[in-house]
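Student: Could you take me through one part of this model up close, residue by residue, and then show me how the helices around it pack? I'm happy with numbers, so give me the cut-offs as you go.

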Amino acid sequence: MTSKKANRISRFVYVLALSIILVPLGIYSPIKIHFTWRGVLIGFCVGVVVYLVNIIITTTILCLCFGQRSINNQSKQIIAATDDMYWTTIVFSPIFEELVFRSFLFYHSCFFLEKSIAVIINFIIFALLHFNDRFIELCIMGLAFLSITIYYDNLLPAIIAHVTNNFFAVANIRRKFFYNNADKYF
């Protein structure tokens, strides 16, 4: 069996396993996913704004603290991690994370904690579980996604915002990687 065929089979099994996990999570989610065009539009706009705010924060921190304009090592790690897993990075992970963090974790923590404490715990756990050095940006993302989930009582805007944010992040990292390594490909 060729390695391309083995990669396709392993990706198919991975996507199938994620789908089998996501369907029951979506069905039994305490906060439901209601499709509305308004939710899609708001989610897209929030995703773009969160992405742009994160770019501004990252650029400012890098320029002020380190005198750099990009994070080459992290970009290369993300390129390696996402090269064959676009669907996972851009679609499945945001859906899974929104169902777990915004729906189950937040909803059930509100039974035991005050709502404001549950919000803080939710976005901090969201940021910590990404195992990333961009803690501030991830806290902002978690807070923004949770805010629109609470405001609209619907997971769809948060899922769309998360998908949009991940799409632009992956596209930007790939653009930087290929721009810096253009001589290898052309």
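Tutor: Let's start with Ile-31. Leaving aside neighbours within four places in sequence, Ile-31 is in contact with Arg-102, Ser-103, Thr-149, Asp-153, Asn-154 and Leu-155, where contact means heavy atoms within 4.5 Å. Before going on, a word on the ground rules: this is a predicted model, local features need pLDDT of at least 70, side-chain atom pairs count only at pLDDT 80 or more, and totals for chains, interfaces and linings use all residues. Residues are numbered from 1 along each chain as its sequence is written, and side-chain values use heavy atoms, with hydrogens and water left out.

Ile-31 sits in the loop between helix H1 (3-27) and helix H2 (37-66); helices here are DSSP runs (H or I, at least four residues) and strands are E runs of at least two, numbered from the N terminus. With a relative accessible area of 8%, Ile-31 is buried. The scale behind that word is under 20% for buried, over 50% for exposed and partly exposed in between, using a 1.4 Å probe and protein chains only. Ile-31 also comes 8.4 Å from Leu-99, C-alpha to C-alpha, with their positions 68 residues apart in sequence.

Two of those partners, Asp-153 and Asn-154, are worth a stop. Asp-153 belongs to the loop between H6 and H7 and counts as exposed, at 51% relative accessibility. Its backbone is the odd bit: Asp-153 has a positive phi of about 50 degrees although it is not a glycine. For background, most residues other than glycine have a negative phi.

Asn-154 is placed in the loop between H6 and helix H7 (156-180) as well, but at 5% relative accessibility it counts as buried. The side chain of Asn-154 reaches the backbone nitrogen of Leu-156 at 3.1 Å. That falls under polar contacts: pairs of N or O atoms within 3.5 Å, where within protein one must be able to donate a hydrogen and the other to accept it, and residues adjacent in sequence count only if both atoms are side-chain atoms. Setting aside its neighbours within four places, Asn-154 is in contact with Ile-31, Lys-32, Ile-33, His-34, Ile-148 and Thr-149.

Now the helices. Two packed helices are described by the angle between their axes and the distance between the axes. Axes are lines fitted to C-alpha atoms, for helices over the stretch in contact, and angles run from 0 to 180 degrees between N-to-C directions.

Helix H4 (residues 86-112) packs on helix H6 (residues 135-152) at about 60 degrees, axes 11 Å apart. That makes H4 oblique to H6; on this scale under 35 degrees is roughly parallel, over 145 roughly antiparallel, 65 to 115 roughly perpendicular, and the rest oblique. Glu-98, Arg-102 and Phe-106 of H4 make the contact with Gly-142, Phe-145, Leu-146, Thr-149 and Ile-150 of H6. Note that Arg-102 and Thr-149 are also on the list of Ile-31's partners. By class, this contact of H4 with H6 has 4 nonpolar, 2 polar and 2 charged residues. Ala, Val, Leu, Ile, Met, Phe, Trp, Tyr, Cys and Pro are the nonpolar ones, Asp, Glu, Lys and Arg the charged ones, and the others, Gly among them, polar.

H4 also packs on helix H5 (residues 115-128), at about 150 degrees with axes 9 Å apart. H4 and H5 are therefore roughly antiparallel to each other. Among the residues meeting there are Arg-102 and Phe-106 in H4 and Val-119 and Asn-122 in H5. The contact of H4 with H5 divides into 8 nonpolar, 2 polar and 3 charged residues.

The third pair is H5 and H6, whose axes come within 8 Å and cross at roughly 135 degrees. H5 and H6 are therefore oblique to each other. Their contact includes Val-119 and Asn-122 of H5 and Met-141, Gly-142 and Leu-146 of H6. It has 13 nonpolar, 2 polar and 1 charged residues by class.

Stepping back, the protein chain has 8 helices and 0 strands. Of its 186 residues, 37% count as buried. Residues 24 or more positions apart account for 75% of the chain's contacts with a separation of 6 or more.
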